[in-house]
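Welcome! Please take a moment to look over the sequence and the model before reading on.

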Amino acid sequence: MSPRLPESGPAPDRAPSGRARTALIKRLADVVCLPSSRVNAFERSMTADVLVEMLREGTPAERMRVARRLGMLTEAPARLLRLLLRDEIEVARPLLEEDTPLSDTALIDCATQAGPEHRMLIARRRHVSEMVCEALISASEPQVVDILLGNEGADFSADALDAVVAASKQYAQFIPSLLRRAELRPAHAYVLFWWSAPESRRQILTRFAVSREVLQEAVSDVFPMAAEENWQDPLVRKALQFIERRQRNRAAIARSPYASLDEAVADAQNGLSHELVRELSFLAGIKPTTGAKIFTDPYGEPLAILCKATGLPKSAVVALWRGLRRPEADSSGEMTAALERTLIIYDMMAVDRAQTVLRYWNWSLSSALTPALVRAIREGDDSALDEYSPPQRAAMLALAGDLGG
């Protein structure tokens, strides 16, 4: 017969030896870990409730021993897991490190309620779902994001990629890993381009500068239909502008003081102004904001894309370079590395692929970006904000910056 428990009252003068507590916790953990053939869900849940109440005021060592036992369990009671996963890292580690089957709910709770070390362990797990990725990324911890980007078992949602691409403006170390992610799409890549180093830019252009030939063939019969309707549907017009083969704006040439884009480029080598950049942009079939971004870019690859996409000769790149007052030769008389790199990009790009890049900058960047990416592009670049309409300001207008000179 079991000894009678004492009635509730004042605590005994003599401290307990701890043997009973250790044994009881072990027995309760044993019951929780029994197979479903030995204990049903309600019995397991009831046992877990008792165990949680003991562990809540127990020692870290006691909780750690239980966590190690649960690490071998395929389905542990949620309340018990929540207690242990939120605990100090040495308690939670066996559950997070051993790929214990944990629900997204449990992992998200841990990611939002525990500390950075917990999040790093979650980011290293063999599989990290889209929802868990979003929870980890929302903590804005570069180390955690670095681990996630290098984890092939992590699934990034479009929103998660938006957040990381935007953050890469501040944390350049994300960029090489981002470019290795299979989930990365052109809209992300062509935003990432603007703050990437030259080698990463070349990777973006090589991977994402795709031909639009399939689209052009698929919708070839729609162009005459739209023309018959006098291009009245703005959605059709915008989509077909992205797809069509022609890049230069014939209507702009008819209104321009220049006879052609080539003539405007020849004038530009004498010096670029805001007005001339706007004119060049109109003639090239792009928005002035896109043109401003291209001409204020510190490296030069966008100039190569602009010239190739519009059918300008290679010499036009040099003319625009000269108009921007950028050095063409170094102290030894050799061509500067920046100009040489720009001319290499011109040579490697096919016209149709260069047009795809330019259309993405002009079309997707001005109308299809998420708020996170728009904020990343606009940050700290508000000098031209008052020159444009409210819809333009909401998207890409603040890209322009000061051309100077």
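This report covers confidence, one pair of helices, the cysteines and the aromatic rings.

What you see is a predicted model, in which local features need pLDDT of at least 70, side-chain atom pairs count only at pLDDT 80 or more, and totals for chains, interfaces and linings use all residues. Residues are numbered from 1 along each chain as its sequence is written, and side-chain values use heavy atoms, with hydrogens and water left out.

Let us begin with confidence. The pLDDT, the predictor's confidence in each residue from 0 to 100, averages 82 over the chain, and 84% of the residues score at least 70. Helices here are DSSP runs (H or I, at least four residues), numbered from the N terminus. Among the elements of the chain, helix α9 (residues 142–149) has the highest mean pLDDT, 97, and helix α26 (residues 390–394) the lowest, 32. Two stretches stay under 50, and the table sets them out with their contacts (heavy atoms within 4.5 Å).

| Stretch | pLDDT | Contacts beyond four places in sequence |
|---|---|---|
| residues 7–15 | under 50 | 0 contacts |
| residues 381–405 | under 50 | 48 contacts |

Next, a pair of helices. Helix α6 (residues 104–113) packs against helix α7 (residues 116–123) at an angle of about 145°, and their axes are 8 Å apart. Such axes are lines fitted to C-alpha atoms over the stretch in contact, with angles from 0 to 180 degrees between N-to-C directions. From α6 come Leu 107, Cys 110 and Ala 111, which meet His 118, Arg 119 and Ile 122 of α7.

Cys 110 counts as buried because its relative accessibility is 0%; buried means under 20% relative accessible area, exposed over 50%, and partly exposed in between (1.4 Å probe, protein chains only). Cys 307 is also buried, at 0%. How many disulfides are there? With a disulfide taken as a pair of cysteine sulfur atoms within 2.5 Å, the count is 0.

Finally, the aromatic rings. Rings of Phe, Tyr and Trp (its six-membered ring) pair if their centres lie within 6.5 Å; planes under 30 degrees apart count as stacked, over 60 as edge-to-face and the rest as tilted. The whole structure holds 7 aromatic pairs. One of them, Tyr 171 with Phe 174, is tilted, at 5.5 Å centre to centre and 35° between the planes. Tyr 171 is partly exposed at 24% relative accessibility, while Phe 174 is buried at 2%. The pair of Phe 193 and Trp 194 is edge-to-face because the planes stand at 90°, with ring centres 5.5 Å apart. Phe 193 and Trp 194 are both buried. Tyr 190, Phe 208, Phe 242 and Tyr 360 make up one aromatic cluster.

Note on methods:
Helices (H or I, at least four residues) and strands (E, at least two) are DSSP runs, numbered from the N terminus.
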